[in-house]
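User: I'm new to this structure and would love a close look at one part of it. Could you walk me through a stretch of strands and the residues around it?

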Amino acid sequence: MSILNFTLIQSNLFWENQEANLKMFTEKIKALEGHHEIVVLPEMFSTGFSMKPSQFAENLTGTSLQWMKEIAATKKIILTGSLMIQEDNHYYNRLIWMQPDGQFGYYDKRHLFSYGGEDKDFTPGSKRFIAQVKGWKICTMICYDLRFPIWNRMNKEDEYDVLVVIANWPNKRMTAWQTLLRARAIENQSYVIGVNRVGEDGNGLIYNGGSCVIDPLGEILYEKLNDEDTFSITLNKDDLLKVRNNFPFQKDKDEFIIL
């Protein structure tokens, strides 16, 4: 089908409090009315951007992932957001792509935020994850990945229609967030969806959201600053293909291999 619905949940997060965050997101998601297909939560939605994986990381049978399974099944949605995951004696900032049937894919954040110490305890990912839904290809990224255009760039092996970026991106760098999201849309001629948090975290960092939906020409279809918000939008693939056909810039792009 040519249309696909996304729901963005921009929320404050309870610092390092899994129980409170899961309860809060349960209420927000169960309150959704009408038809919803893909619901997007922020980065590290169960804890905030904490650098204490030894205390808060879960395994793949942990409470947060089981919660995602239950919510996805109950609401018949795809649910995505990232968690601290421990696997094979490594910690990952892992985006989970949970389907209604309980099957899931995942993406491990490649670019760890060394400025905030993320590289000290977490292991970087090495593979991109591109989900396929109703004929759409959806590429997922996490926060700091946004700053690295080659990792976001489409090539023949990794073409996509929508780039989803989840984040805990502080207010002091909001200009970069807004600019880079629009750049990723323009250079890839794709829709871009960015989901950030609001509020203050346990380190005193302030977040003012800026969750948004951007079209393949870089035009902002939706943006929310400062406040919590739940927003749904239906994207049309015909509109995407029209842009690519009218402005066939992708045929001139450089081919590359990421090592």
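Analyst: Here's a walk through one hairpin, then the cysteines, then a single serine. Keep in mind that this is a predicted model.

Let's start with strand E6, which covers residues 130-133. One face of E6 is covered, with Ala 131 and Val 133 on it, while Ile 130 and Gln 132 sit on the uncovered face. Next to look at is strand E7, residues 136-142, which is joined to E6 by four bridges, with the two strands running antiparallel. Gln 132 has Lys 137 as its bridge partner in E7. Together E6 and E7 make a hairpin with two residues between the strands, and Lys 134 takes a positive phi there, near 55°.

Now for the cysteines. With a disulfide taken as two cysteine sulfurs within 2.5 Å, the count is zero. Cys 139 is in no disulfide, and the nearest cysteine sulfur, in Cys 143, lies 15 Å away. Cys 139 is also buried, because its relative accessibility is 0%. Cys 212 can't bond either, because its closest cysteine sulfur, again in Cys 143, is 13 Å off, which is too far. Cys 212 has a relative accessible area of 4%, so it's buried.

Last up is Ser 82, in strand E3 (residues 78-87). Its relative accessibility is 0%, so Ser 82 counts as buried. The Ser 82 side chain reaches the backbone nitrogen of Met 44 at 2.8 Å. Leaving out residues up to four places away in sequence, Ser 82 touches several others, including Met 44, Phe 45, Asn 93, Leu 95 and Ile 142.

Terms used
Residues numbered from 1 in each chain as written. Predicted model: local features only at pLDDT ≥ 70, side-chain atom pairs only at ≥ 80, totals over all residues. Heavy atoms only, no water. Buried < 20%, exposed > 50% of the residue type's maximum accessible area, 1.4 Å probe, protein only. Polar contact = N/O pair within 3.5 Å; in protein donor to acceptor, adjacent residues only side chain to side chain. Contact = heavy atoms within 4.5 Å. Pairing = 2+ DSSP bridges.
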